[in-house]
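Biologist: Please take me closely through one part of this model, the sheet together with what packs around it. I would like every term given with its cut-offs, and I would also like to know how the remainder of the chain relates to that part.

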Amino acid sequence: MNQVGVKTILFHGPSGCGKDTQVEFLVDDYGFLNIGTGDMIRKLFEEGDKDAIEAMGYTSQGKFVPNEIIYNKMFPKWLDRFDSSKSWALVSVVREVGQIGFLDALLEEKGRKLDLFIHFTLSTETAVERVSVRKYCPSCGMTFHPKFKPESVEGICDKCGTELIQRDDDKPEKIKERLREYNRTIKPILKEYQKRGILIEVDASPSIQDIHKEIIKILGL
Ligand SMILES: [Zn+2]
């Protein structure tokens with residue numbers, strides 16, 4: 001069980017739904033810790049962790065990293081770095097239905113349980129509109145958007161000063177293809193969390209501020 005007032009929330013949604021921005025608000029204003037597997041692989045890889053090196057071998061080929069590597073080897077040691085007395089925002093850590101059981105077991109081991117799964121939904125049109133103008137930092141992984149999250153100096157990463165690029169992944173055809181695949185794989189996951197009564201779907205098309213207000217209301221903050 002979670003301690004009183006401490007939350008464990010899973011956030012997920014297709015590329016371009018703005019989940020990272022929403023989670024950043026929770027980190028800045030409400031002391032949440034942002035926990036994601038992308039960061040985990042990148043940071044552990046930099047530290048020379050052998051499991052992360054193995055995982056990077058898969059991601060560099062555009063393949064899913066096997067659950068055993070992510071959930072049994074890397075995630076337990078990664079979670080040890082996060083203050084367990086704080087609220088946790090887990091971001092996109094369940095990407096296919098087979099990972100649900102792994103996450104359940106892992107949270108239980110850490111003395112927590114999932115309070116809510118907040119899922120952001122996005123139409124194809126909105127996804128293309130948002131994602132196709134996005135810029136990405138090849139060095140630290142930060143994403144910028146001219147409307148929602150512009151960089152301070154055009155074309156340069158705010159965080160690390162690296163020149164920003166557009167990813168091939170962010171071209172319209174790729175976005176549509178990815179969203180179709182996303183919607184297919186997310187269905188059984190949504191079904192499972194709905195069955196548990198902890199699924200909340202949030203329409204990601206309103207403004208960042210409006211979505212933020214809705215999330216604050218949902219979380220009772
Ligand atoms: Zn950067």
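Modeller: What follows starts with the sheet, moves on to the core, and ends with regions outside it.

This is a predicted model, in which local features are reported at pLDDT of at least 70 and side-chain atom pairs count only at pLDDT 80 or more, while totals for chains, interfaces and linings use all residues. Residues are numbered from 1 along each chain as its sequence is written.

As a frame for the sheet, the secondary structure comes to eight helices and seven strands, where helices (H or I, at least four residues) and strands (E, at least two) are DSSP runs numbered from the N terminus. The C-alpha atoms fill a box of roughly 45 × 40 × 35 Å along the principal axes. The radius of gyration, taken over C-alpha atoms, is compared with a globule rule of 2.2 Å times the number of residues to the power 0.38. For 221 residues a compact globule would have a value near 17 Å, and the protein has 17 Å, so the two agree.

Five of the strands form an open sheet with parallel pairing, in the order β2-β3-β1-β4-β7, two strands being paired if DSSP finds at least two bridges between them. Its edges are β2 (33–36) and β7 (199–203), each of which pairs on one side only. On average, and with direction ignored, neighbouring strands of the sheet are turned by 25° against each other, the axes being lines fitted to C-alpha atoms, for helices over the stretch in contact, with angles running from 0 to 180 degrees between N-to-C directions.

Within this sheet, β4 (residues 116–121) is joined to β7 by five bridges, and the two run parallel; I118 has I200 in β7 as its bridge partner, and H119 is matched with E201 in β7. Strand β4 also pairs with β1 in the parallel sense, over four bridges, and there I9 stands opposite L116 of β4.

The sheet also contributes to the largest nonpolar core, meaning a set of buried Ala, Val, Leu, Ile, Met, Phe, Trp, Tyr and Cys residues joined through C-beta atoms within 7 Å. A residue is buried if 20 or more other C-beta atoms lie within 10 Å of its own, exposed if 12 or fewer, and partly exposed in between, with C-beta atoms placed from the backbone. By that criterion 27% of the 221 residues count as buried. The core has 29 residues, of which L10, F11, A89, L90 and V91 touch the most other members. At least two core residues each are supplied by β1 (8–12), α1 (19–30), β3 (88–91), β4, α6 (124–131), α7 (172–195) and α8 (208–219), and the largest share, four residues, comes from β3. In soluble globular proteins, nonpolar side chains tend to be buried together.

F11 shows how these elements meet: beyond its neighbours within four places in sequence, F11 is in contact with K19, V23, A89, L90, V91 and I118, contact meaning that two C-beta atoms, placed from the backbone, lie within 7 Å. On the helical side, A127, V128, R130 and V131 are the buried residues of α6, and they pack against α7. In the loop between β3 and α5 (100–109) lies S92, which has a phi near 55°, a positive value in a residue other than glycine. S92 counts as partly exposed because 17 other C-beta atoms lie within 10 Å.

Outside this part there is a second, separate core of eleven residues, including I41, L44, V65 and M74. A55, in helix α3 (residues 50–59), is buried because it has 23 other C-beta atoms within 10 Å. Apart from neighbours within four places in sequence, A55 is in contact with I41, V65, I69, I70 and M74; V65 is ten residues away in sequence and 5.6 Å away in space, C-alpha to C-alpha. The axes of helix α2 (residues 37–46) and helix α4 (residues 67–79) come within 11 Å and cross at roughly 80°. Angles under 35 degrees count as roughly parallel, over 145 as roughly antiparallel, 65 to 115 as roughly perpendicular and the rest as oblique, and α2 and α4 are therefore roughly perpendicular to each other. Their contact is made by T37, M40 and L44 of α2 with I70, M74, F75 and W78 of α4.
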